[in-house]
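Trainee: I am new to this structure. Can we go through it with short questions and short answers?

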Amino acid sequence: MNDTSDSALAPSFRLIEQSASTIAARSDLLFLSMLVLCGVMALVLAGLIVWFSIRYRQGSSADRTAPPSGARGLEVAWTAIPAVLFMGLFVWAARDFVAIHKAPDDALPVYVVAKQWMWKLQHRNGRREINELHVPLGQPVRLILTSQDVIHSFFVPAFRLKQDVVPGRYTSLWFTATQLGDFRLFCSEYCGTDHSQMLGRVVVMPPAEYARWAAAGPHVPGLAQQGFTLFRQHGCSGCHAANSSVHAPLLDGLLGRTVHLQDGSSFVADENYVRDSILAPAKQITAGYRNVMPSFAGQLSEEDIEALLAYLRSTGDTEGRTR
Ligand code: CUA
């Protein structure tokens, strides 16, 4: 693309990895605070150990009478202050952890399937890529990840993002890129012989260029359109359509809607729920319905299920929101 992008991918040693996403800056600040706090703590403790060993060594004339009773305040202070500081770090980190898993509504969805040994990615308009992820600058992107074989891990150091990619379920992440260029993508979970070759790159483009790139791909139907075709081909529409004679739940706008189950529990429907309902329908029966749906395990690829999810999402609303 240009000089800076080449250098970003060239093997080089960096003490501090460049920071290219909104989360990266937050993560760096947290890491630095932790480093400083732990560093100061370690130095103080090590210093005290040395000082006490010298001062109270055998035969020294140091004062060894019992401490004055007022020392309790001191003991409380050296226990409570570090406890509060470290709990503060925990709360701070937990907030960031929750934040990277809760994407904004307008985030651009990208479906990721990992396999030995490559990354397969698919965009909303149906454009597919392998080991490359093109994204627009300054726009939130949500990744929905799964694996078709073993556990992998999606790792973009410059974005400070790492997420296990697990067969049989979806994990998700989101980020907003803040720098143009190419950034390395690694698999960071040992996944077999060619684990170390499971590399890729994230290409951050100006939004206009990204739009051109997205439109330029081979002309395939959009992901939702592919999903709708599958929805009819596999007979889903036979039961789940509004005019069907079979009593089955309507699926329009299912993602993000609250679902009530026969066992009395209820929750907001997400990708994992839909996936389970396709592959293991008997697991969670919607209140007011009987379990008559067959399992579609073995009949649909991971990409097929993603297309169905995209179709379901498209039925949700007319503003193109992702959930
Ligand atoms: Cu995939 Cu390591």
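Mentor: A polar contact is a pair of N or O atoms within 3.5 Å. Keep that cut-off for the first question. Remember too that this is a predicted model.

Trainee: Which residue caps the N-terminal end of H7?
Mentor: Look for a side-chain oxygen by the backbone nitrogen of Asn272. The two atoms lie 3.3 Å apart, and the cut-off is 3.5 Å. The capping residue is Asp270.

Trainee: Is helix H7 largely enclosed or open, and how many of its residues are buried?
Mentor: Buried means under 20% relative accessible area. H7 covers residues 271–279 and is largely enclosed by the rest of the structure, because most of its nine residues are buried. Among them are Tyr273, Val274 and Ile278, but also Glu271, Arg275 and Asp276. The number buried is eight.

Trainee: What covers the buried residues of H7?
Mentor: Strands and a helix both take part. The cover includes strands E5 (140–147), E11 (258–260) and E12 (266–268). The helix included is H8 (302–314).

Trainee: What span does helix H2 reach from its first C-alpha to its last?
Mentor: H2 runs over residues 22–55 and has 34 residues. At 1.5 Å a residue, 50 Å is expected. The model comes close to that, with a span of 50 Å.

Trainee: Which residues of H2 are buried?
Mentor: Their cover includes helix H3 (71–101), E7 and strand E8 (171–176). The buried residues are Ile23, Ala24, Leu30 and Leu37.

Trainee: Which strand does E6 join through five bridges?
Mentor: E6 spans residues 152–156, and four of its five residues are buried. Two bridges join E6 to E9 (residues 181–187), and these strands run antiparallel. There, Phe154 stands opposite Cys187. Five antiparallel bridges lead to the strand at residues 161–165, E7.

Trainee: Which residue of E7 does Ser153 stand opposite?
Mentor: Ser153 belongs to the hairpin side of the pairing between E6 and E7. The hairpin has four residues between the strands. The residue opposite Ser153 is Asp164.

Trainee: Which residue in the loop between E6 and E7 has a positive phi?
Mentor: Most residues other than glycine have a negative phi. The residue here is not a glycine, yet its phi is about 60 degrees. It is Arg160.

Trainee: Where does Asn131 lie?
Mentor: Asn131 also has a positive phi, near 60 degrees. Its relative accessible area is 23%, so it is partly exposed. Its place is the loop between E3 (128–130) and E4 (132–136).

Trainee: Which peptide bond is cis?
Mentor: Most peptide bonds are trans. This one has omega near -5 degrees. Its second residue lies in the loop between E1 (108–115) and E2 (118–123). The bond runs from Gln116 to Trp117.

Trainee: How many residues does the largest nonpolar core have?
Mentor: Phe154 is among those with the most contacts inside it, as are Trp119, Leu133, Leu143 and Phe159. Phe154 touches residues including Val112, Trp119 and Leu185. A second, separate core has 25 residues, including Ile144 and Val274. The largest core has 35.

Trainee: How many disulfides does a search of the whole structure find?
Mentor: A disulfide needs two cysteine sulfur atoms within 2.5 Å. Cys38 is partly exposed at 36%, whereas Cys236 is buried at 15%. The search finds zero.

Terms used. Residues numbered from 1 in each chain as written. Predicted model: local features only at pLDDT ≥ 70, side-chain atom pairs only at ≥ 80, totals over all residues. Heavy atoms only, no water. Buried < 20%, exposed > 50% of the residue type's maximum accessible area, 1.4 Å probe, protein only. Pairing = 2+ DSSP bridges. Expected span 1.5 Å × (residues − 1). Contact = heavy atoms within 4.5 Å. Polar contact = N/O pair within 3.5 Å; in protein donor to acceptor, adjacent residues only side chain to side chain. Core = buried A, V, L, I, M, F, W, Y, C linked by side-chain atoms within 4.5 Å. Lists of a residue's contacts leave out its neighbours within four places in sequence.
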